[in-house]
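User: I'm new to this structure and would love a close look at one part of it. Could you pick out a pair of neighbouring strands and walk me through what surrounds them?

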Amino acid sequence: MALFIMLTTFSFLSAQEKPEVEIGGALRYNYNVSSWKPEQQKRGGDLGFDVFRINAKAKYKGLKLNAEYRFYSEGFGGAMLKQGWIGYDFSTENNLQLGLTQVPFGITQYNSHSWFFSMNYYVGLEDDHDMGLKYTHIDDQWEYAIAFFKNAEELSFGNNSDVSNSRYAYDVGSSGSGTHKNKEINQFNVKVDRKFSNGSAQHKVGVSAQYGGVYNIDTKDVGDRYAWAAHYELKVGSFDLKAQVSKYSYNTENPDGEDNRVIAMTAYGAPYMVASEALSYTLGAAYTIPVEWGPVSSLQFYNDFGMLDKTVDSFEDSFMNVTGVLVSAGNVYTYIDFAQGKDQPWLGAAWTNGLGSGTPDAEWENRFNINIGYYF
């Protein structure tokens with residue numbers, strides 16, 4: 001999966017004396033046709049550039065570097081750092097990371113199988129990366145992490161600067177119309193997983209929690225926020241199952257007249273509104289079949305379902321379901337997805353308020369999507 005540039009022969013030492021550098025990346029293209037875009041359907045869908053990314057890893061004297069920089073089109077946020085941290089291995093089981101690192105919350109690295117991720121991603125609770133310090137421990141029976149994040153990606157250090165829309169993972173931001181101007185600050189995370197086996201079945205059961213502040217740029221006041229999750233993973237041979245229930249809540253200090261029942265979140269160049277309090281339910285299953293079809297070595301069939309159950313009774317709940325297959329062929333990985341959504345911004349026309357108040361009498365919308373990438 002990666003192109004190795006070995007500066008010298010590597011041998012593992014408690015304090016590594018020989019440097020090692022690994023460079024990799026990916027180039028991806030995307031085809032899609034969507035039910036809510038009649039003109040696109042007349043064209044038979046659209047095929048275009050998705051992303052070019054560069055990955056860099058390095059080790060020297062016990063210290064590690066892990067960084068990934070992505071280049072999207074300007075319409076999807078342009079260039080952005082997905083992750084970038086400096087780490088230190090105290091042992092094979094214990095690690096410390098400093099920088100833009102993945103938030104230890106819920107099933108990691110991904111709580112999903114498809115190219116679309118799960119519902120949690122779109123409210124900032126899956127594959128999120130923030131600026132801070134994280135300690136992790138992994139052994140045969142336990143995995144746990146403790147972290148403190150000063151803030152999300154801060155790209156402007158002005159006194160009252162808005163959060164930039166150019167980011168990979170969804171974070172609290174501004175609505176884009178001059179309201180709901182908030183920032184994530186001073187977040188604490190704890191995550192614990194217990195692993196055990198039952199015959200050929202491998203189980204992982206865990207809980208996660210986070211608590212932090214919400215700084216409002218206009219009022220200069222600080223609200224608070226929290227989230228918790230219970231999660232379960234099962235692997236039996238070629239079968240894989242991921243299940244999670246999560247709860248989040250934002251208590252904001254917006255100016256008078258702004259609706260505290262919603263909060264702005266942003267990524268990929270454009271913000272939208274999200275319900276300030278909700279439960280999310282996600283369930284995903286996958287089955288992998290090895291094949292020998294020329295360069296194709298495996299097919300992974302999957303279905304990922306997600307629901308956002310909003311606390312405000314008058315809000316419309318959001319749903320998504322993705323059925324698909326991952327085709328692996330050497331360094332080329334292709335996701336073929338049939339995605340359905342109801343009040344889901346990326347799967348329907350209700351962009352601004354889909355995950356917020358929702359749309360009365362909303363209908364399910366469909367998107368057929370093929371993402372093909374060469375990973376090196």
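Analyst: Let's start with strand β12, residues 222-236, and strand β13, residues 239-251, which pair in the antiparallel sense over 13 bridges. This is a predicted model, so please read everything here in that light. To find your place along the pair, look for A229, which stands opposite S246 in β13. The two strands form a hairpin with 2 residues between them, and there G237 takes a positive phi near 60°.

Strand β13 has another partner to explore: 11 bridges join β13 to strand β16, residues 277-293, and these two run antiparallel. A handy marker here is V245, which stands opposite Y281 in β16.

Now let's step back to see the setting of these strands. The protein has 20 strands and 1 helix. Its C-alpha trace spans about 65 × 50 × 45 Å along the principal axes. The radius of gyration is 21 Å, which agrees with the value near 21 Å that a compact globule of 376 residues would have. Of the 376 residues, 49% are buried. Contacts also reach far along the chain: among those between residues at least 6 apart in sequence, 61% join residues at least 24 apart.

For one example of a buried residue elsewhere, try R28 in strand β2, residues 20-34. R28 counts as buried because its relative accessibility is 9%, under the 20% cut-off. Its side chain makes a polar contact with the side chain of Y375 at 3.5 Å. Beyond its neighbours within four places in sequence, R28 is in contact with residues including F49, W115 and G373.

Key. Residues are numbered from 1 along each chain as its sequence is written. This is a predicted model: local features need pLDDT of at least 70, side-chain atom pairs count only at pLDDT 80 or more; totals for chains, interfaces and linings use all residues. Side-chain values use heavy atoms; hydrogens and water are left out. Two strands pair if DSSP finds at least two bridges between them. Helices (H or I, at least four residues) and strands (E, at least two) are DSSP runs, numbered from the N terminus. Buried means under 20% relative accessible area, exposed over 50%, partly exposed in between (1.4 Å probe, protein chains only). A polar contact is a pair of N or O atoms within 3.5 Å; within protein, one must be able to donate a hydrogen and the other to accept it, and residues adjacent in sequence count only if both atoms are side-chain atoms. Contact means heavy atoms within 4.5 Å. The radius of gyration is taken over C-alpha atoms; the globule rule is 2.2 Å times the number of residues to the power 0.38.
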